[in-house]
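Trainee: I have the sequence and the coordinates open side by side, and I would like to go through the fold with you. Could we start with the helices and then move on to whatever catches the eye?

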Amino acid sequence: MDLHMKGKAAVVAGGSTGIGFATALCFLEEGCKVAVFARNAEKLETAREQFASLGYKDVMTGSADATLEEAVNKFAADVVERFGTIDYWVNVAGGSLRKSLNKVTNEEFDKVVAINLKSAFFGCNAAARYMKKNEKGGAIVNVSSMAAHRAAAGRALYGCTKAALLQLTKVFAAELSPFGIRVNSVSPGLVLTELSRPVVPEENSPEFAAFFTEYLIKRPGLAREVAAPIVSMCSDVFGYTTAADLRVDGGVDAVYETKWIEENIELLRE
């Protein structure tokens, strides 16, 4: 793609693995100056080495906890000191908890809220502080989840925080609109990453087919298939879009029942 983003400064919060890493790479391919931060220093170093192996040796990286306001603000300030500004900011950092609600402890509750909601809150505020100074504002994308739209038993707290993130996105979009700052979100379905890989059955197995019965696209998504829309939403291609949520979910929430499609596939071929 050529989204005319060359020379722009992009920050990815939670960019050491998975969707975050793929998003940073897409920004780099568009010619952006990229800064990535994550909590795990070891994974961050691995990401830096991977970027370098692909020819991108000037990626700014920093070990910072997205749930700590001071750490986020410090990294944003460091980015501006190096790049002069921030044009795009993507909040990818997140985490889940597989546990029934009646078993969730106060500590676990606070931890999930912090990583899925407070991190984006801090990130949006940090980004806006500098984007307000830009002549053309900027763009922020928050990574939510299809769990925000469909209740997932056993992961309800994750879904609740991701649903709250959608509302947070809309409010930031409203309050930052006078400054030319667009704020949107993306809701991925199941994406194949190091975290999800253990729960996805082996491809071409009966279990694999059954696992993706409700998906119109019968497979997990790839990190890049989410990253590319994220980067596009930051670009002027989506210049008239704000307060919106883009579902990149393989069609899992598109129809009530997919069994009818399977039973009537020959009819649909006609």
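Mentor: Let us begin with α4 and α5, whose crossing is right-handed. Keep in mind throughout that this is a predicted model.

Trainee: OK, at what angle do the axes of α4 and α5 cross, and within what distance do they come?

Mentor: The two axes come within 10 Å and cross at roughly 15°. Angles under 35 degrees count as roughly parallel, and α4 and α5 are therefore roughly parallel to each other.

Trainee: And α1 with α2, what are the angle and the axis distance there?

Mentor: Helix α1, residues 18–29, packs against α2 at an angle of about 30°, and their axes are 12 Å apart. That makes α1 roughly parallel to α2, and the crossing of this pair is right-handed.

Trainee: Switching to the sheet, what is the strand order?

Mentor: It is an open sheet of seven strands with parallel pairing, and the order reads β3-β2-β1-β4-β5-β6-β9. The edges are taken by β3 and β9, the latter at 245–248, and each has a single partner strand, so one side of each is left without a neighbour in the sheet. From one strand to the next, the twist averages 15°.

Trainee: Let me stay at the β3 edge, then. Which strand is joined to β3, and by how many bridges?

Mentor: Strand β2, residues 33–38, is joined to β3 by four bridges, and the two run parallel. If you want a specific pair to click on, the bridge partner of A38 in β3 is S63. Between these strands the chain passes through helix α2, residues 41–53, and this β-α-β crossover from β2 to β3 is right-handed.

Trainee: Which residues of β3 are on its covered face, and which on its uncovered one?

Mentor: Strand β3 spans residues 60–63, with M60 and G62 on the covered face and T61 and S63 on the uncovered one.

Trainee: How about β6, how many of its residues are buried?

Mentor: Eight of the eight residues of β6, which covers residues 181–188, are buried, so this strand is largely enclosed by the rest of the structure. Both of its faces are covered, with I181, V183, S185 and S187 buried on one side and R182, N184, V186 and P188 buried on the other.

Trainee: And what joins β6 to β5 and to β9?

Mentor: Towards β5 there are six bridges, and β5 and β6 run parallel; in that pairing V141 stands opposite N184 in β6. The connection from β5 to β6 goes through helix α5, residues 156–176, and this β-α-β crossover is right-handed. Towards β9 there are four bridges, again with the strands running parallel, and there S185 stands opposite D245 in β9.

Trainee: While we are around β5, how many bridges join it to β4?

Mentor: Four bridges join β4, residues 88–91, to β5, residues 138–143, and the two strands run parallel. A pair to look for is Y88, whose bridge partner in β5 is A139.

Trainee: New topic: how many disulfides are there in the whole structure?

Mentor: A search of the whole structure finds zero disulfides. For C32, the nearest cysteine sulfur is that of C234, which is 8.4 Å away, and for C124 the nearest is also that of C234, at 11 Å. A disulfide needs the two sulfur atoms within 2.5 Å, so neither C32 nor C124 is in one.

Trainee: Are those two cysteines buried or exposed?

Mentor: C32 is buried, with a relative accessible area of 7%, and C124 also counts as buried, at 0% relative accessibility.

Trainee: Last one, I had S100 highlighted. Where is it?

Mentor: S100 lies in the loop between β4 and α4, the helix at 106–131, and at 34% relative accessibility S100 counts as partly exposed. Its C-alpha is 7.3 Å from that of A153, although the two residues are 53 apart in sequence.

Trainee: And D78, in which helix is that?

Mentor: D78 is in helix α3, residues 69–83, and D78 is partly exposed, with a relative accessible area of 25%. The C-alpha atoms of D78 and N264 are separated by 58 Å, with their positions 186 residues apart along the chain.

Note on methods. Residues are numbered from 1 along each chain as its sequence is written. This is a predicted model: local features need pLDDT of at least 70, side-chain atom pairs count only at pLDDT 80 or more; totals for chains, interfaces and linings use all residues. Side-chain values use heavy atoms; hydrogens and water are left out. Buried means under 20% relative accessible area, exposed over 50%, partly exposed in between (1.4 Å probe, protein chains only). Two strands pair if DSSP finds at least two bridges between them. A crossover is right-handed if, with the strands pointing away from the viewer, the path from the first strand over the helix to the second runs clockwise. Axes are lines fitted to C-alpha atoms, for helices over the stretch in contact, and angles run from 0 to 180 degrees between N-to-C directions. Angles under 35 degrees count as roughly parallel, over 145 as roughly antiparallel, 65 to 115 as roughly perpendicular and the rest as oblique. A crossing is left-handed if the near helix is turned anticlockwise from the far one by less than a right angle, and right-handed if clockwise.
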